[in-house]
Amino acid sequence: MYRLGVINAKFEPMKFKITIGVLLVSMLVITSAFNSKINNSQFKRINDTPPFLEESTAWADSIFKTLTPDERIGQLFMMAAYSNKGADHLKRIEGLIKNNKIGGLIFMQGGPLRQAELINHYQKISKVPLMVSIDGEWGLAMRLDSVVKYPWQMTLGAIQDDQLIYEMGVDIGEQCKRLGIHVNFAPVVDININPKNPIINARSFGENKENVANKGVAYMKGMQSVNVMANAKHFPGHGDTDKDSHKSLPTINHTKARMDSVELYPFYKLINNGLASIMVAHLNIPAYAGEDNMATTLSKNVVTGLLQDSLGFKGLIFTDALNMKGVSSLFEPGIVDVKALIAGNDVLLFSGSVKKGILEINKAIERGEITREEVDARCLKILRAKQWEGLDQYKAVEKVGLSADLNKREYELLNRKLSEASLTVLKNEGDILPLKRLDTLRIASLSIGEGRVSEFQQTLSLYNQVDHFNVKELESKKNARLLDTLRTYNTIIVSIHKSNKNPWKSYKISSGTKNMIANLTMKNNVVLTVFANPYSLIGFEQIEQTAGLIIAYQNSIYANEAAAQLIFGGIAANGKFPVSVSEKFEEGTGLIIKPLNRFKYTAPEEVGIRLNDLSPIDSIAKSGISEGAYPGCQVLVAKNGKVIYNKSFGYHTYDKKRAVLNSDIYDIASITKISASLLSLMRLQDEGKFSLDSNLSAYLSKLIPDSSKYGDLGLREILAHQSGLQAWVPFYIKTIRNKELDNIIYCKDSSTYYPYRVAQDVYISKFYPDIIYQRILRGPIKEKKYKYSDLGYYFMMKLIEAQTGERLKDYVADIYATMGMTTTGYIPRERFSLDRIPPTENDKIFRKQVIKEMYTIREQQC
């Protein structure tokens, strides 16, 4: 095990906490740590040979022999190419390839199809196949549009299952290969100890060296399993800086002992697992370089002495971009290239001038500062890497199907899983999460930062009635009115949304937001979800008064959907905080939340179904609409407790005035038998008030005469539709006289004599329910074989009401409430806007109107 030191620094605002015991041991380490090399006896090597050095060198050797000395130097240069720039840029890159024989390109901003076209073009004109690279820490989306955007590494740092990180590495590797990319400059294995770090920060897996190392290994192995070269950066560790090396040269004044025990640890662990390449950072670390104001990229003590000799790294060594101010402010183009090469780097990234670089390298060879053999060895090393990457059998990027291949459904499924697995619960006072007994909760959601109904709020509404409030910024003049409104709810779900564009965007939470949360928590249960960098919680003292606190890390769609499902128990949470923000919320904090028996909303691939397999649903639904079978519909598909399809089509009516929404409420007709009557009977059986082995007469002796054969019907037979009951009775026919409703049986107005609503302006006699039962009891009982029948459920309603003393609609409503089925129940017109209720039918025979509501008579029938 690599144990050079035991310093365990944990961040607290404005200081570091180091235990006395650790300090005593550290003193022993420091006394022997100022030698120029690390004590190799403390290393335990497993497999530190990069994969490209384990294969045949035949192709590399043959290509090497065809190159002139200057062309071999040219192979050491990797230059930046863009797919969103014009003709001048294209000509410049063409010149570098044709005239200077550069070895590779790093693609920056652009789009995948444009980049594929350029890669094919540049490869075609290159004497030696180009090594193509990209900064793809969170996938190709770090540089390109229209591709999968994976979570930032800080988000991944919360995940407890490193297999997911490995699978992400495989997927990103596949995407790189598909686009003709051979090197991905990832993972970042800097340990972000300094929360003020302006350039690493959320690009790091966190502050725990073991966590950073393990996830770095998983990411690396995933990519390299498909022969895409991983690159660990930024050696020897950029995590404890407060400056951006793109703009200046950051200084790290830690001792060797501290650097060895903390910053170097992930690099060593990746090297020990076959890391193919490393990027050296532009940092001023006097303890390593041996002098001040010397960039580590240009320090032989660092690149050769530390990285190659002490750590034993044999893979490709890339400089960080040589046009960055961290080095370009120190030396002119050409000179900086020479110094980087002498230091021990193999690949000179983003040189200020390839022409000057080749010239100055030749001068350095003449001066004896570096030998031709050393340059040739690095050229051959690069060619061997190209062979392993598949460039010995180069094929142009196939543009047909490129977009589909880069955006496979399985890639997005893993992306969704990563967001779900990262969710971290820091507080759960009173076991508020997940929300239970929804019938007792009046819930509001306040979204801060979006200014619209977010995906988070939309997903909340899938589970319960939630009233949504949205603000872009909290304004003091409007805060009081909003606060008064929110205080009328007993549960408030607050979400803070920050930019998801990149990790460098500001994540500061305003004082207005903090004050609002402080005021809400004084009288209300508040569940707060932060869709932002975890460091945003530093100094946010008001969060300690919340009942529930969830960190979602990013404002991505998947994070929004997952956090909402977590709150209602659709999914679990077991993420751990990757950094420390206070004494209460330190690295490693994270509560385990188990899911409830509620639906999870996910992709069909999660249950083994391809999205394309569900596409016929769309065709069938649209066909029915186009043929006039119905004006619109909603289709929901669930498997194994997971909703995998939930889509609406068409309109409420044929006049196309109101489109069908997923939030609309439909009459489920005969499914009521199962969802209401049977559900109630199940509860009665659990309570010992009902037995399947009894007969009707055991419960309905007042309704069924002793002489009636109906009393002998078994309840099990009735529920199985095997009791011999006839299918149905068209009761309405005998209530019609001369094609009109009988005015003795019906009335236009409600009264004591006509209490039951049948339709708009149609009420039926209070005696008619009894007539219905009399007609059933006079009907025949036929052979006991399967025959679907409505009639048995008329008796089930009477049985349930007799045993409970409640109306069926009220009894089952309590069951629905405990299950969170807030829109399920009888007579929805009493609880919901009619705009949410599509018509059941256009009845032209009986009621002669569009039936838009489920009426009391429905309860009588089911």
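In the predicted model, contacts between residues 24 or more positions apart make up 73% of the contacts in the protein with a separation of 6 or more. The protein has 862 residues, of which 57% count as buried. Its secondary structure comprises 29 helices and 26 strands. Taken along the principal axes, the box filled by the C-alpha atoms measures roughly 120 × 60 × 55 Å.

Two helix pairs were examined. Helix H4 (residues 87–100) and helix H5 (residues 112–125) have axes that come within 9 Å and cross at roughly 30°. The crossing in which H4 passes H5 is right-handed. On the H4 side the contact involves Leu90, Ile93, Glu94, Ile97 and Lys98, which meet Leu118, His121, Tyr122 and Ile125 of H5. By class, the residues of this contact divide into six nonpolar, one polar and two charged. The charged residues are Glu94 and Lys98 of H4, and the polar residue is His121 of H5.

The second pair consists of helix H7 (residues 162–178) and helix H18 (residues 409–422), which pack at an angle of about 145° with their axes 10 Å apart. The crossing of H7 and H18 is left-handed. H7 contributes Leu164, Ile165, Glu167, Met168, Asp171, Glu174 and Gln175 to the contact, and H18 contributes Glu410, Tyr411, Leu414, Lys417, Leu418 and Ala421. Seven nonpolar, one polar and five charged residues make up the contact of H7 with H18. Among the charged residues, Glu167, Asp171 and Glu174 belong to H7, while Glu410 and Lys417 belong to H18.

Helix H22 (residues 557–567) is mostly covered, with nine of its eleven residues buried. The buried residues of H22 are Tyr558, Ala559, Asn560, Ala562, Ala563, Ala564, Gln565, Leu566 and Ile567. The helix is followed by glycine 569, which has a positive phi near 85°.

Individual loop and helix positions were also considered. Glutamate 263 is placed in the loop between helix H9 (256–261) and helix H10 (264–271). Its relative accessibility is 1%, so glutamate 263 counts as buried. When residues up to four places away in sequence are not counted, glutamate 263 touches Ile191, Ile193, Pro236, Gly237, Asp240, His254 and Arg258. Between glutamate 263 and asparagine 192, which are 71 residues apart in sequence, the C-alpha to C-alpha distance is 9.2 Å.

Asparagine 464 occupies the loop between helix H19 (455–460) and strand E13 (466–471). Asparagine 464 likewise counts as buried, because its relative accessibility is 6%. Leaving out residues up to four places away in sequence, the residues touched by asparagine 464 are Leu438, Ile443, Phe568 and Thr822.

Serine 62, by contrast, belongs to helix H2 (residues 58–65) and is partly exposed, with a relative accessible area of 38%. The value of 38% lies between the 20% limit for buried residues and the 50% limit for exposed residues, and serine 62 is therefore assigned to the intermediate class. The C-alpha atoms of serine 62 and isoleucine 317 are separated by 23 Å, the two residues being 255 residues apart along the chain.

A search of the whole structure for internal cavities finds four of 30 Å³ or more. The largest cavity has a volume of about 80 Å³. Its lining consists of 15 residues, and those lying nearest its centre are Trp152, Ser499, Lys505, Tyr507 and Asn533. By class, seven of the lining residues of the largest cavity are nonpolar, six are polar and two are charged.

The second largest cavity has a volume of about 60 Å³. It is lined by Ile718, His721, Gln722, Ser723, Gly724, Leu725, Lys787, Ser789, Gly792 and Tyr793. This lining comprises three nonpolar, six polar and one charged residues. The charged residue is Lys787, and the nonpolar residues are Ile718, Leu725 and Tyr793.

Definitions and conventions: Residues are numbered from 1 along each chain as its sequence is written. This is a predicted model: local features need pLDDT of at least 70, side-chain atom pairs count only at pLDDT 80 or more; totals for chains, interfaces and linings use all residues. Side-chain values use heavy atoms; hydrogens and water are left out. On a 1 Å grid over the protein atoms alone, a cavity is a set of points where a 1.4 Å probe fits but cannot get out, and a pocket is an open set with protein on both sides within 12 Å along at least five of seven lines; lining residues have an atom within 4 Å of a point. Grid points are joined across faces, edges and corners, and a volume is the space filled by probe spheres set on the points. Axes are lines fitted to C-alpha atoms, for helices over the stretch in contact, and angles run from 0 to 180 degrees between N-to-C directions. Helices (H or I, at least four residues) and strands (E, at least two) are DSSP runs, numbered from the N terminus. A crossing is left-handed if the near helix is turned anticlockwise from the far one by less than a right angle, and right-handed if clockwise. Contact means heavy atoms within 4.5 Å. Buried means under 20% relative accessible area, exposed over 50%, partly exposed in between (1.4 Å probe, protein chains only).
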